[in-house]
Every structure is written in C-alpha cells, then in structure tokens.
Amino acid sequence: KDAFDMTDVDHAATDFPGLNFIVEHSGIPRIDDFCYMATQEPNVYAGLSVVLGALMHARPRFFARCMGELLFWVGEDKMTFGSDYSIWEPKWQVEQFVDWDYPSDEFSDYPRVTTATRKKILGLNAANLYDIEVPVEFQLPAEAEAEAGAPGVLGVTGEDERAGAKV
C-alpha cells in the first residue's frame, strides 16, 4: 500500500504552486486521502484512469462513491479523463460515462453529474490545463457567449440528456 502514498505529491504541490499535478487513479485505494490533499492544494487534479475503467463497470457502487467524493471535495473543475489506453480502448468508457448517473438515492448528498460536468471531465479541464484552444461549438454555453462577446445570448443550445433541461 506504500506505493499509493501521496505524501510526496502533497509536499511538492505545496513547494511548487506554479506546477500542476494530475494524480492518476485519484489516489485509489486512498481516495479519501487524495480528496483532502487536492482540496487544500489548488494545483492538484484527479486523473480518472482506473476510476472510470476498472470501477465504473466492475464496481458500480464503489465508483459512485469515488465520483461523489471527488465531486464533493475536489470539484468538477479539477478532474480529468483517463483511460489507461495501453490496457484497453477508451470508447466504452466514454460512452458509459456519458450515460452514467448515481445508482440510487443513497448517493443523493453528492453533487449531481450534469452535461457540463461530463464535458469538463472528458476534455475541457485538460484543454484548460494544457492551454489548448477549444472550438466554440465544444465549449460550454457561458464560455461560448464570452468568446462571442454576446452575453445573455446562448450561442450553443444543448440538452441535459437525463433531465431534458435546456442548457
């Protein structure tokens, strides 16, 4: 279990606030330790490889707990998609995550996963970290509005696939 100790990341993130650290697997099996560290370190991000690939399908309730804890403590703006691509193709992970929701009301105290949450995790957060320009049609509506210079006018209309709400 010592291989999963994140003390080194915690110290480095504190000592080098200008560097960003993406911790793949989000510290599993020490998810709680990771969440507390990432909460206090603004430059520590949750990488979701293994969290998505190994847990979403094989351990859905544990996956729901991990996602809920990460969303509550770390926040949707500090989570990045990861697939462990060298082990398997990521298409199924993306497809399942796009359709995923908590399995029961037992998880009702966790932040909800919205279309915006999914877009951030699946690419917008990484684009922000790596300073990659995102085409307007793939940005969130508020970002597209700001770039277009037309506040109050939605440049992109989408639907939250679960609730049917316009965004």
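**Exercise 1. Determine which backbone oxygen the side chain of Arg118 reaches in this predicted model, and describe the setting of Arg118.**

Solution.
Step 1. The side chain of Arg118 reaches the backbone oxygen of Phe97, at 3.1 Å. The cut-off for a polar contact is 3.5 Å.
Step 2. Arg118 is placed in helix H6, which covers residues 115-129.
Step 3. The relative accessibility of Arg118 is 4%, so Arg118 counts as buried.

**Exercise 2. State where Phe107 lies and which residues it contacts, leaving aside neighbours within four places in sequence.**

Solution.
Step 1. Phe107 is found in the loop between helix H5 (91-99) and H6.
Step 2. With a relative accessible area of 4%, Phe107 is buried; the limit for this class is under 20%.
Step 3. Once neighbours within four places in sequence are set aside, Phe107 is in contact with Arg61, Ala64, Arg65, Tyr102 and Arg112.
Step 4. Take Ala64 from this list. Phe107 and Ala64 stand 43 residues apart in sequence, and the C-alpha to C-alpha separation in space is 7.5 Å.

**Exercise 3. Find how many aromatic pairs the structure holds, and classify the pair of Phe63 and Trp100.**

Solution.
Step 1. The structure holds seven aromatic pairs.
Step 2. For Phe63 and Trp100, the ring centres are 5.0 Å apart and the planes stand at 80 degrees, so this pair is edge-to-face. The cut-off for that class is over 60 degrees.
Step 3. The pair links distant parts of the chain: Phe63 belongs to helix H4 (residues 60-74), Trp100 to the loop between H5 and H6, and they are 37 residues apart.
Step 4. Both Phe63 and Trp100 are buried.

**Exercise 4. Classify the aromatic pair of Phe107 and Tyr110, and name the cluster that ring pairs form.**

Solution.
Step 1. A pair of aromatic rings is described by two quantities, the distance of the centres and the angle of the planes.
Step 2. For Phe107 and Tyr110, the distance is 6.3 Å centre to centre and the angle between the planes is 20 degrees; the pair is stacked. Stacked pairs have planes under 30 degrees apart.
Step 3. Tyr110 has 12% relative accessibility and therefore counts as buried.
Step 4. Ring pairs link Phe107 and Tyr110 with Phe63, Trp100 and Tyr102 into a cluster.

**Exercise 5. Explain which parts of the chain are tied together by the salt bridges of Lys120 with Glu76 and Asp77.**

Solution.
Step 1. Side chains of opposite charge can pair when their charged atoms come close.
Step 2. Glu76 and Lys120 form a salt bridge at 2.8 Å, N to O. Glu76 lies in the loop between H4 and strand E3 (79-80), whereas Lys120 is in helix H6, so the pair ties together parts that are 44 residues apart in sequence.
Step 3. Lys120 also forms a salt bridge with Asp77, at 2.8 Å, N to O. This second pair links distant parts of the chain as well: Lys120 in helix H6 and Asp77 in the loop between H4 and E3, 43 residues apart.
Step 4. Consider the accessibility of the three residues. Lys120 is buried, with a relative accessible area of 15%. Glu76 counts as partly exposed at 24% relative accessibility, and Asp77 counts as partly exposed at 46%.
Step 5. Glu76, Asp77 and Lys120 are thus linked in a network of salt bridges.

**Exercise 6. Describe the salt bridge between Arg112 and Asp101, and find how many salt bridges there are.**

Solution.
Step 1. The closest N and O atoms of Arg112 and Asp101 are 3.5 Å apart, and the two residues form a salt bridge; the cut-off is 4 Å.
Step 2. Arg112 and Asp101 both lie in the loop between H5 and H6, eleven residues apart.
Step 3. Arg112 is partly exposed at 39% relative accessibility. Asp101 is partly exposed too, with a relative accessible area of 27%.
Step 4. The count of salt bridges comes to seven.

**Exercise 7. Identify which residues form a nonpolar patch on the surface together with Tyr36.**

Solution.
Step 1. Tyr36 is placed in helix H2 (residues 31-40).
Step 2. Tyr36 has a relative accessible area of 45% and is partly exposed. Patch residues need over 30%.
Step 3. Phe72 and Trp73 form the nonpolar patch with Tyr36, and the accessible area of the three together is about 330 Å².

Methods. Residues are numbered from 1 along each chain as its sequence is written. This is a predicted model: local features need pLDDT of at least 70, side-chain atom pairs count only at pLDDT 80 or more; totals for chains, interfaces and linings use all residues. Side-chain values use heavy atoms; hydrogens and water are left out. Helices (H or I, at least four residues) and strands (E, at least two) are DSSP runs, numbered from the N terminus. Buried means under 20% relative accessible area, exposed over 50%, partly exposed in between (1.4 Å probe, protein chains only). A polar contact is a pair of N or O atoms within 3.5 Å; within protein, one must be able to donate a hydrogen and the other to accept it, and residues adjacent in sequence count only if both atoms are side-chain atoms. Patches are made of residues with over 30% relative accessible area and no salt bridge: like charges are joined within 9 Å, nonpolar side chains (Val, Leu, Ile, Met, Phe, Trp, Tyr) within 5 Å. Accessible areas come from the Shrake-Rupley method with a 1.4 Å probe; for residues, only the protein chains shown count as cover. A salt bridge is a side-chain nitrogen of Lys or Arg within 4 Å of a carboxyl oxygen of Asp or Glu. Contact means heavy atoms within 4.5 Å. Rings of Phe, Tyr and Trp (its six-membered ring) pair if their centres lie within 6.5 Å; planes under 30 degrees apart count as stacked, over 60 as edge-to-face and the rest as tilted.
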